[in-house]
Structures are given as C-alpha cells and as structure tokens.
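Reader: Hello! I would like a close look at one part of this protein, with its surroundings explained along the way.

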Amino acid sequence: MPAEDVLSKLRTSETGLSSEEVKIRQRVHGKNEIRESSRISILKIFVSQFNVLIVILLAATAVSVVFGNVIDALVIFSAVILCVTLGFFFEFKSEKAMKALKDMAAPMATVVRDGVETKIPSIEIVPGDILVLRAGTRIAADARLLEAVNLEVDESALTGESASVRKDTSVLDEDVIIADRRNMVFAGTTVTYGRGKGVVTATGMHTELGKIAQILTEAITEETPLKRRLNEIGRWLGVIYLCICAALFVLGVLSGVSVLGMLLWSISLAVAVVPETLPLIITGTLALGVQRMARRNAIVRQLPAVETLGCVTTICSDKTGTLTRNEMTVRSVYVDGKMIQDYGTATTPDRGDVAGLKLALQIAVLCNDAHVTRATDGYRVSGEPTEVALVQAAEKAGINKAELEKRYPRVDEIPFERERKRMSTIHRIEGGKTVAYVKGAPEVLLGLSTGIYRDRKVVQMTDREREAVLGINNELAAKAMRVIAVAYRELPSESEREIERDLVFVGLFGMSDPPREEAKPAIEECKRAGIKTVMITGDHKLTAVAIARELGMVSNDDPEVLTGTELESMSEEELESCVNRIRVYSRVSPVHKLRIVKALKRKGHVVAMTGDGINDAPALRMSDVGVAMNSGTDVAKEASDMILVDDNFATIVAAIREGRVIYENMKKYLLYVLSYAFAEVSMLSGAFLLGILTLGSPLFPLIAVQILWTNLVIEDLPAMGLGIEPPERDIMSRKPRDPNERVFTKGLIVLLILMSAVISVGCMAIFLNYLPEVAKARTMVFATLILYEMVNAFNCRSERHSLFRVGILTNRWLILGVMASLVLMVVAVQFGSQFFHTVPLTVVDWCIAGATGVTVCVAVELWKLVREYL
C-alpha cells in the first residue's frame with residue numbers, strides 16, 4: 001500500500017495521534033510488550049508442599065486424636081506444620097527472587113504525538129503512532145516507513161542476515177518475505193545508519209518478534225539429570241523403607257503390640273527414613289544459587305539450569321560483546337609516516353606529529369554520521385560502531401565533534417555505499433573556502449589520491465609511498481583490525497561536481513573490538529576445569545583467529561577454523577567427525593549454531609550456548625544451557641535458561657562454578673540424610689528383631705514422637721546448611737562430571753556404609769547399656785542419635801578432604817542449624833518429658849552421649865586419611 005493509504009487505514013497522520021486517541025487505542029490493543037509465561041501462584045506453592053508423606057502424617061494425627069493420644073497428635077502436627085512452612089518459604093523465596101531480578105528498565109522510543117516529538121516508554125506505543133528513527137535507535141514496534149533518508153537497519157536478530165538492510169518507502173508486492181520488506185521496520189531490530197519515520201502497524205505479540213515468541217513460550221522444559229536421579233532414588237528408597245516398615249508392623253502386631261501403637265510407630269519410622277525433604281532441599285539450594293548468580297550478573301530463568309551448568313563440557317560463545325567489549329576502539333593510527341600503537345588504551349600515547357594526527361582526526365569526525373547527545377555524565381555517542389570509535393578517538397585527543405561541526409558546517413555529502421566503499425562530506429572552512437573530507441577503504445582512497453600529507457605539507461604520492469601505505473594496511477589487517485583511511489581535497493567552489501579525485505591522503509586508523517580483560521583468566525579457568533571453549537562468530541576468519549589467539553583459546557600457529565561456507569557444504573557425519581577439534585567458527589549464521597550444538601551433543605558433550613538474536617532461539621533451546629545476552633532480543637531471552645546482564649563470558653564460567661557447587665552440595669545433603677536413615681533403620685530394626693528373638697516381644701529404642709522429632713525438626717536444619725556449603729578450593733580443578741555418572745560413587749557408598757555402621761552400633765550399645773531402665777535408655781538413644789547427626793553434618797562437608805582442612809567454622813548457616821537443633825534437643829530431653837516421653841539426663845550421661853557421638857568423626861577422618869595416601 002502507498003504510505004498515505006496506510007495512514008488512512010490506521011486513522012492517523014504524520015502529525016501523530018492525539019493524547020485522547022492514544023488512551024483509547026491502549027485500551028483496545030494493550031501494552032506493547034512480549035507476554036511472559038504465567039508465574040506459579042502462592043496457593044499452588046503452598047499446596048505443592050503436601051506430598052504423600054505429609055498426608056500420611058496428617059492421617060496419623062487424626063488417628064491419634066480419635067484414640068485419645070492428643071499430646072502425640074500435637075507433636076506430629078507441629079512437625080508437619082514446620083516442614084510445610086519451611087518448604088513453602090524456600091519455594092516462595094525462589095519465586096520472589098526471580099521476580100525481583102527481572103530487568104525493570106523500560107526502553108524508550110521517540111514518537112510524534114499532537115504534532116510534537118516526544119520520548120515515551122516503548123511499552124506505551126500503539127498502532128498509528130509515528131516512530132522517529134535515528135542511528136542507534138532500537139525499534140520498538142513493527143512500522144511502515146513514511147520517510148527514509150540513507151536509512152539502514154540491522155535485521156540480523158530477525159532474519160539472520162549479518163549485513164544492514166537499506167530501507168526505502170516504495171510500494172512492494174503483497175507476498176514479499178520479511179527479509180525483502182524494504183518499506184517496513186520491525187520490533188527488536190536496530191537502526192545503524194541514516195534516519196526516517198514510520199507509522200506503527202503492529203505492537204506486542206502481534207509483531208513479527210511477538211509471533212515467534214508465542215511459539216517459543218509453548219516449548220517444554222526437560223528435567224535435569226540430577227533431579228531425575230534424585231527423584232528416582234527417593235522413589236526406590238521410599239518403596240524399600242515402606243516394605244521394611246510394613247514387615248515390622250506385621251511382626252509387632254503378631255507379637256502382641258497394639259495395632260494403634262504399631263501403626264503410629266511404623267508410620268513415624270517410614271516418615272523419618274524416607275527423604276521427604278529432598279524436593280525442599282533441591283528447591284532451596286537452587287533458589288539460593290540463583291540469588292548468588294544474580295549478584296554475579298546472571299539471571300537464571302530456569303532453576304535446574306544452574307545444576308546443569310555444573311556438568312558443562314563445552315561453552316560455545318559469541319565473540320562480540322561476550323569475549324570482547326563490543327566497542328570498536330581505535331588501537332593504531334598511521335600518520336606522517338609514523339605508527340602510533342595502543343592509541344585507544346594508552347593513557348598518554350606517543351602521538352608523533354600532533355598536526356598530522358589532528359588533521360586525520362578532524363577528517364574522521366566531520367566525515368561521520370555518529371550522533372552525539374549530552375548526558376548527565378558527559379556525552380553519549382550512538383551510531384555505526386566504526387564511526388563511534390573515530391569520534392571517541394578524537395575525544396581522547398581533545399577534539400569535540402559538536403564544536404567542530406559548528407566551526408566547519410557540512411554543506412553537502414555523498415553517502416557511504418558498499419559498492420563505492422567510501423563516504424564524502426563537504427564543509428565550509430575559514431576564509432569562505434570549501435573542503436571535501438573523505439573516509440573509506442584504504443585501497444580505494446589510495447587509488448584516488450595524488451598527494452600525501454607529510455610534515456605539515458602536501459607532497460606527491462609516489463608508487464613507493466602507495467606501496468608503503470598498503471603494506472601498513474596489510475599489517476594492521478593481519479592483526480584483525482578494521483582499517484579506515486582518511487583524505488581531503490580543497491575545492492574551488494561548493495558547486496564542484498567531481499569531488500572524489502586528486503585527494504590528499506592523510507592517514508590510517510586501525511580499530512578492533514578488544515578482548516574483555518576478565519575473559520582470558522576465565523578461559524584459563526575453563527582449561528583447568530577441563531571445559532572446552534569454542535568461539536562462534538559472524539566475523540572474518542582472520543579477525544576471529546586473532547582474538548582467539550589473544551585470549552589463549554588457540555595456541556598453534558595454524559589453528560583449525562571452520563567457516564560458514566565450509567560448514568554449509570558438510571554433511572552431519574562430516575561435521576561430527578571434526579567438531580571435537582574445532583575451536584573457532586567464523587562467518588557463521590545463527591542457523592549454523594543449531595547444527596554445531598547438535599553435533600557436539602551427539603559426541604556426548606553437555607553444551608552451553610550463547611545467543612542474542614531471534615534466529616539464535618532454536619540453538620538456545622537445543623543446547624543443554626541456553627545463555628542469552630541482556631542486550632539481545634526478547635525472543636532469545638525467552639528461549640534461554642539464563643540471561644547475562646553484563647554479556648560477559650566470565651559470568652558463564654562463574655555460573656559453571658556455581659553449578660558444580662550445587663551438585664556437590666546435593667551429594668553432601670544426600671550423604672547426610674541417608675547415613676542417618678540407614679543407621680536409624682538398622683538400629684531400630686535390629687533392636688526390634690533382637691527383642692522378638694530373645695524376649696518374645698520387640699524392643700523400641702525410640703518411640704513414634706521421638707523418631708519424628710529427630711527427623712522433621714532436628715535433622716532438617718543442618719541439612720539445609722549443607723545445601724549452601726561454600727565451594728571447596730579445588731572445585732574448578734576437577735574435570736566435568738559425566739552427565740550419566742551415578743550419584744552414588746564408590747567413595748560415597750563407602751562413606752555411607754561407614755557412617756551408618758558407626759551410628760547404628762553406637763546407638764545400639766548405648767540402648768543395651770542403659771537397659772532395663774527403658775525410659776532413660778530411650779532418652780540416651782534420642783540424645784546420642786541427635787549428637788551423632790550434628791557431628792556427622794560436619795563430616796559430610798567434604799567427600800574427600802579432612803574437616804580440619806575444610807575449616808570447622810567456615811559455614812555459618814550449618815553452625816546456626818546445628819546450634820538450633822541442639823537447643824531443641826536439650827529442651828525435649830530436659831523439659832519435654834510430657835510430650836516426648838524423656839527423662840532428664842545427668843552431666844555424666846551427656847558426656848557419654850557426646851563422646852559416643854564424636855566416634856563417627858574419628859572413623860571418617862581416619863578413612864579420609866587412609867584414602868588420601870592409598
């Protein structure tokens with residue numbers, strides 16, 4: 001449709017909508033935003049805490065009330081409430097953390113309303129608004145162009161095309177694909193050059209970006225390997241323990257114990273030994289991991305992804321902005337036959353002949369369309385990255401673009417075109433003279449130059465001079481720099497038509513996007529951790545290899561690099577055969593990323609993939625951990641598991657460390673809980689059967705409420721402390737674990753058996769020693785078992801290192817949990833006889849219980865010592 005017909009159909013005009021009409025349209029069309037998937041409700045979080053075991057406990061509470069055991073019912077019910085409250089607290093905290101971490105900074109857009117240009121939050125845009133587009137503008141909605149002056153738009157985020165697209169206002173055929181809609185601009189894309197205006201045709205989920213987002217929000221997220229295994233372990237242990245409890249219940253009833261008594265005891269034992277806090281600890285640990293990651297500039301969208309990061313074997317990272325600063329910086333300048341090195345980074349660079357440098361910078365700034373705006377902290381420069389770099393280089397030398405443009409106003413221009421590889425602007429200078437400033441590809445400007453600026457004067461450009469400059473150009477290009485040449489010509493008049501001839505060549509600017517300072521140490525840490533780092537970039541091979549070598553990703557003189565063209569011609573089998581060797585992929589499109597991820601996964605790798613464009617979404621979904629850039633598109637963020645606020649590679653490595661820590665902490669929690677459960681089942685079952693065999697009736701070292709109190713109240717507090725254990729010093733010196741590795745390794749199984757055996761034998765010895773005083777014997781077992789648990793919590797802080805090497809006082813949350821449990825134990829023993837059927841203990845009794853509890857630490861420390869030297 002012609003532009004005027006579009007305006008008519010949308011009932012708007014080039015002066016924009018009125019304020020009243022905007023309000024009406026906002027009610028009709030809603031906000032201009034990509035809708036997120038719905039969050040879990042508070043009620044749903046609360047209800048999810050009532051698992052099968054909790055329901056069984058509530059049933060036991062009801063049975064106790066019916067049969068008149070009100071005190072037992074109160075104790076059981078209190079334990080249930082505490083367990084449910086803790087579970088709800090951790091899950092609710094994780095949801096609240098995610099909500100707080102969302103980036104609330106609303107992007108702004110410039111529109112025309114009531115005939116006046118105004119800046120508004122992009123969320124308030126409606127169909128019919130007139131968008132004002134300038135270089136650097138991030139387009140907030142789909143729009144039909146009304147005006148386009150040298151307008152170029154980076155649509156790589158939407159179409160995958162790396163080159164900016166030249167836009168115009170012409171009428172096109174109706175069935176044109178998105179990539180060829182030259183008269184349209186789309187939400188999520190960026191203006192790189194020129195200016196224009198457009199009328200908004202679609203907002204929010206109705207934009208092209210929104211349509212893709214709608215598809216992605218319906219994707220299904222898989223459970224992580226650890227969560228699946230832990231759930232499976234929980235189910236198997238539950239079945240085994242319930243069978244044991246059922247068998248003990250039948251034996252007890254047959255030996256003359258009352259049905260109600262055996263029922264409560266069996267249920268209590270089942271609840272005590274089945275790891276019902278497993279989901280709670282997983283959720284709580286992951287939630288706290290998310291908060292720690294947020295402090296390191298990573299927003300985790302899917303909690304289990306933190307754990308998955310722990311077994312990553314390969315990181316596929318974008319170059320620009322992630323491994324590099326995403327800031328084109330002038331690093332070398334060639335003027336007056338002299339090379340100025342480290343121009344962009346040196347505090348006081350050796351600037352050679354100031355006059356020659358000043359002239360080169362003056363040309364670079366005036367023949368430049370970068371947009372300078374005043375900000376609270378100085379000036380902001382926006383526009384095409386190369387032009388921005390030149391303006392910033394001039395600022396470093398004290399040359400201000402705005403002031404220079406006032407002194408030498410632009411009167412005409414020949415815009416940059418890729419075919420011509422140059423741009424020219426005409427300026428009026430002192431004395432009413434006119435000068436043409438030209439910048440572009442060195443080989444082109446050298447071909448148009450007849451003179452060269454040397455020692456404050458113009459000399460003839462000889463073939464030797466030309467070859468020398470081309471040699472310098474090649475040297476800079478070999479260092480992966482983008483090289484821009486500048487030249488000028490004094491014109492006889494403003495009406496001069498043949499401008500770009502007989503130029504005076506002034507100099508070269510070599511610029512590149514320098515590596516982030518923190519990226520190289522992060523890559524070194526990956527090497528120590530056995531993680532392969534792979535660079536995937538749309539840049540040229542030479543640039544990619546130079547950056548990779550500077551970062552230490554490749555060290556050999558002729559690294560193996562795969563280009564997008566080569567990858568395109570490969571079969572899946574050919575790619576799979578070489579994917580383990582490749583460290584750098586250059587000139588690849590987002591579509592190629594998906595193939596690379598698939599090939600790596602087929603070779604058994606756990607892959608973390610970065611991306612920022614809409615077309616990166618499939619690769620982000622396919623990877624084990626999709627990492628989106630905060631500067632990227634909303635669609636990429638929606639497809640990701642994690643968002644990097646600072647777009648920094650080092651943040652990914654920090655996340656991998658966090659993932660490893662979380663996995664180790666899960667194992668520590670499991671070792672702690674199961675060692676207690678195995679010991680308790682062994683002791684209680686052994687005493688039960690011993691009583692039947694020797695006395696004709698079972699012995700009960702603990703009764704129902706004591707079993708529940710040790711488990712639901714006292715055991716869980718230290719377990720939560722283990723869930724947030726600080727990382728061990730060598731956590732990033734270990735190889736990535738196999739995703740199919742069993743949770744119970746040989747070392748863990750040996751420790752589990754050792755701990756369980758020491759605890760069960762020690763408690764049984766205490767019980768038999770204090771008989772026939774049954775009440776005191778049970779109280780001693782109750783106290784000794786809890787002390788065993790508290791000591792063993794410190795044992796479980798490391799599977800391989802001595803407690804004294806780890807540090808007894810380095811986990812304050814564990815210490816607080818142990819102290820709280822000890823207080824609850826003392827209250828139950830010394831003052832809770834009516835509720836817990838205990839008797840007060842003497843100082844000697846407490847010393848005996850404490851000394852017995854320490855035996856598990858002695859046994860484990862001896863085992864670790866033997867293991868270290870075997």
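Reader: How many of the ten residues of strand β20 (residues 503-512) are buried, and why? Please take me from there into the rest of the chain.

Author: Happy to. A word on the ground rules first: this is a predicted model, in which local features need pLDDT of at least 70 and side-chain atom pairs count only at pLDDT 80 or more, while totals for chains, interfaces and linings use all residues. Residues are numbered from 1 along each chain as its sequence is written, and side-chain values use heavy atoms, with hydrogens and water left out.

Now to your strand. Ten of the ten residues of β20 are buried, so the strand is largely enclosed by the rest of the structure. Buried here means under 20% relative accessible area, with exposed over 50% and partly exposed in between, using a 1.4 Å probe and protein chains only. Strands are DSSP runs of E with at least two residues, helices are runs of H or I with at least four, and both are numbered from the N terminus. For the chain, the buried share is 54% of the 870 residues.

Let's see what β20 pairs with; two strands pair if DSSP finds at least two bridges between them. Strand β10 (residues 329-335) runs antiparallel to β20 over six bridges, and Thr-329 faces Ser-512 of β20. Strand β19 (residues 482-491) is also antiparallel to β20, over seven bridges, with Ala-485 partnered by Leu-508. Strand β17 (residues 449-454), in contrast, pairs with β20 in the parallel sense over three bridges, and there Gly-451 has Val-504 as its bridge partner.

Elsewhere, eight strands make an open sheet of mixed pairing, in the order β8-β26-β25-β24-β9-β21-β23-β22. Its edge strands, β8 (298-300) and β22 (561-563), each pair on one side only. Within that sheet, β25 (residues 625-629) and β26 (residues 642-644) run parallel and are joined by three bridges, with Met-629 opposite Leu-644. Helix α18 (residues 541-551) packs on the sheet and touches β21 (532-536), β22 and β23 (584-586); touching means contact, that is, heavy atoms within 4.5 Å.

Turning to the helices, the largest nonpolar core has 65 residues, of which Trp-265, Tyr-672 and Leu-702 touch the most other members. Such a core is a set of buried Ala, Val, Leu, Ile, Met, Phe, Trp, Tyr and Cys residues joined through side-chain atoms within 4.5 Å. Among the elements that give two or more residues to this core are α9 (259-273), α24 (649-695) and α25 (704-723), and α24 gives the most, with 13 residues. Leaving aside neighbours within four places in sequence, the contacts of Leu-702 include Trp-265, Met-683, Ile-707 and Phe-782.

Finally, have a look at the aromatic rings. The structure holds four aromatic pairs, meaning rings of Phe, Tyr and Trp (its six-membered ring) with centres within 6.5 Å; planes under 30 degrees apart count as stacked, over 60 as edge-to-face and the rest as tilted. Trp-265 and Phe-700 have ring centres 5.0 Å apart and planes at 70°, so they form an edge-to-face pair. This pair links helix α9 with the loop between α24 and α25, 435 residues apart. Both of these residues are buried. Phe-688 and Phe-700 are edge-to-face as well, because their planes stand at 75°, with centres 5.8 Å apart. Ring pairs thus link Trp-265, Phe-688 and Phe-700 into a cluster.

Key. Axes fitted to C-alpha atoms, helices over the stretch in contact; angles between N-to-C directions.
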